[in-house]
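Reader: I'm new to this one. Could you walk me through it, a question at a time?

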Protein chains: 2
Amino acid sequence: MPYGEHMDAREKILEAATALLAEAPVADVSTRAVCEAAGVGAPMLYRLFGDKAGLLAAVVDRGFERYLASKRAARPGDDPVADLKKGWDNHTRFALEHPNHYRLMYSPGLTVPPASAQEAHALLHAILERCAAAGRLTVPPALATQVIMSANVGAALSLLTRPEQYPDPRFSERLRDAVIGSLTRPADPADATDAPASDGQAPVPVAAATLAARLRAEVPPTFTAAESALLQQWLEKLSADQGVSGRRR
Amino acid sequence: MPYGEHMDAREKILEAATALLAEAPVADVSTRAVCEAAGVGAPMLYRLFGDKAGLLAAVVDRGFERYLASKRAARPGDDPVADLKKGWDNHTRFALEHPNHYRLMYSPGLTVPPASAQEAHALLHAILERCAAAGRLTVPPALATQVIMSANVGAALSLLTRPEQYPDPRFSERLRDAVIGSLTRPADPADATDAPASDGQAPVPVAAATLAARLRAEVPPTFTAAESALLQQWLEKLSADQGVSGRRR
DNA sequence: GTTCAACTCGTATCGACGATAACACAGATT
DNA sequence: AATCTGTGTTATCGTCGATACGAGTTGAAC
């Protein structure tokens with residue numbers, strides 16, 4: 001009964017603030033609007049949360065709590081590295097679905113980092129501990145946590161705040177695989193060689209990217225502008241088609 | 001130009017805002033403090049910058065401009081991948097030396113992304129074009145730009161906003177090497193498939209021939225037969241175009 | 001030299017905000 | 001009944017971003 005007659009004042013305020021924040025054009029709300037929407041006076045808000053930053057931190061924690069609940073519900077699978085990738089995708093998806101909540105966590109004025117950020121850090125650390133226990137990690141878990149978390153935050157924030165500069169959602173997966181791949185080793189004990197044996201042949205995307213860059217720097221005179229444009233388009237497609245590079249097939 | 005007096009006031013305001021922002025405990029300044037420090041009235045500020053966001057954007061652009069100037073001054077070295085790493089470290093160092101300026105770029109309320117962000121993106125893209133031209137890249141330069149930039153931003157912001165969670169400065173280098181290493185391939189001159197030219201760059205005919213050979217062995221499914229035929233025809237023409245071999249640019 | 005117009009700049013001000021003081025009220029405890 | 005505690009309301013303060021208005025200032029025309 002979300003709209004019950006008598007809800008806890010704290011809950012009403014949090015609910016109103018969450019709703020207002022979700023529809024706000026920018027990641028900010030005024031305490032007055034929250035109080036009016038919640039039907040309470042201003043002093044009530046400050047008694048409960050002490051400060052506007054406290055209110056925002058509580059809102060962030062509350063929103064993140066649901067995300068963490070769904071993440072905790074996901075039982076650890078047999079492959080901890082696969083859990084890593086799922087965690088990355090969940091993190092990114094949550095940021096895109098709740099942009100204002102996510103941006104609040106990295107907004108200035110938030111003196112103390114929300115507790116949810118530390119809990120997310122701890123959850124990621126736990127997964128990496130399992131990876132280390134399985135012998136899949138090539139660096140200490142604490143270091144791997146910092147690397148993965150910061151890269152994930154960067155990808156999410158870039159997608160949120162510069163959508164026109166990051167139109168390709170595949171770049172998140174690419175960054176994810178690059179980061180995780182460099183911190184882990186494959187599970188197969190037979191493939192103990194950490195150096196991926198290259199067959200010596202440049203794969204199609206590499207060759208296409210190389211040619212495309214060379215052509216961009218030096219336009220061959222025997223091609224018309226239209227032909228060059230179409231060729232560049234095809235090379236772009238060839239470079240992007242096959243996902244992972246030659247590393248670790 | 002009849003803007004002599006205006007330029008002076010504009011410069012004074014920018015200087016005062018920069019100084020105040022550098023010493024501010026949080027990444028924000030009040031227009032009143034800026035006006036008082038600059039010795040001008042409030043209407044002058046709004047006449048010159050239109051808005052507080054406009055003022056902050058101008059301040060950010062001004063501060064970033066000096067950073068970009070030092071980056072432009074660094075002439076490209078012989079190894080473009082080494083330039084990539086230097087660019088990463090410069091980016092991170094700038095963020096740590098000017099935390100408030102850096103946080104402003106990703107602060108909410110900044111409606112339009114500062115022009116300096118786009119210029120930084122373009123500069124990174126230029127370096128990656130050179131990497132691609134040297135055959136060192138395994139993905140298209142545009143995608144590599146997004147991956148590297150977002151990871152770098154994430155590392156810098158994590159160091160700035162969560163210093164207690166990221167006490168280990170080595171994690172930035174680790175992330176840097178992981179990301180760059182996954183997007184580039186080592187400069188191995190002893191590659192059997194394609195003999196690189198003396199200047200280390202694969203000329204257009206060689207790159208075209210390599211790609212043609214790879215495509216003949218492995219037809220990409222996203223191309224129709226007619227498209228593949230035309231592409232092969234063009235690649236043959238490029239492979240036979242021995243005469244050019246000009247210096248790039 | 002006087003007058004007028006255009007422009008510049010500072011004072012005063014507005015509305016909104018974050019935050020707080022003071023007071024009024026209900027129910028529980030003694 | 002008297003007191004205490006937690007709650008809710010009104011009024012208010014100081015600051016902020018932004019602007020209207022009029023007092024200077026310049027330059028040129030008469």
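Reader: Which helices each supply at least two residues of the surface near DNA strand D?
Author: This is a predicted model, where local features need pLDDT of at least 70, side-chain atom pairs count only at pLDDT 80 or more, and totals for chains, interfaces and linings use all residues. Residues are numbered from 1 along each chain as its sequence is written, chains are lettered from A and ligands numbered from 1 in the order in which they are written, and side-chain values use heavy atoms, with hydrogens and water left out. Helices here are DSSP runs of H or I with at least four residues, numbered from the N terminus. Both chains chip in: α3 (42-49) of chain A, plus α2 (31-38) and α3 (42-49) of chain B.

Reader: How many residues surround DNA strand D?
Author: A residue is near a strand if one of its heavy atoms lies within 4 Å of it. The closest ones include A:Arg47, B:Thr31 and B:Lys52. By class there are six nonpolar (Ala, Val, Leu, Ile, Met, Phe, Trp, Tyr, Cys and Pro), three polar (the others, Gly among them) and four charged (Asp, Glu, Lys and Arg). The total is 13.

Reader: How far is a polar backbone atom of B:Thr31 from a phosphate oxygen of DNA strand D?
Author: A polar contact is a pair of N or O atoms within 3.5 Å. B:Val29 has a backbone N or O atom 3.4 Å from a phosphate oxygen of that strand, and B:Tyr46 uses a side-chain N or O atom at 3.1 Å. For the backbone of B:Thr31, the distance is 2.7 Å.

Reader: And over at DNA strand C, what share of its atoms within 4 Å of the protein belongs to sugar or phosphate?
Author: Strand C is surrounded by 14 residues, with A:Thr31, A:Arg32 and B:Met44 among the closest. Phosphate oxygens of DNA strand C lie 2.5 Å from an N or O atom in the side chain of A:Asp51 and 3.2 Å from a polar side-chain atom of A:Tyr46. Bases make up the rest of those atoms, and the sugar or phosphate share is 53%.

Reader: How far apart are the end C-alpha atoms of helix α8 of chain B?
Author: Nearly the whole helix is covered, with 20 of its 21 residues buried (under 20% relative accessible area, 1.4 Å probe, protein chains only). The expected span is 1.5 Å times one less than the number of residues. For residues 141-161 that comes to 30 Å, so the model agrees with it: the ends are 30 Å apart.

Note on methods: Buried means under 20% relative accessible area, exposed over 50%, partly exposed in between (1.4 Å probe, protein chains only). A polar contact is a pair of N or O atoms within 3.5 Å; within protein, one must be able to donate a hydrogen and the other to accept it, and residues adjacent in sequence count only if both atoms are side-chain atoms.
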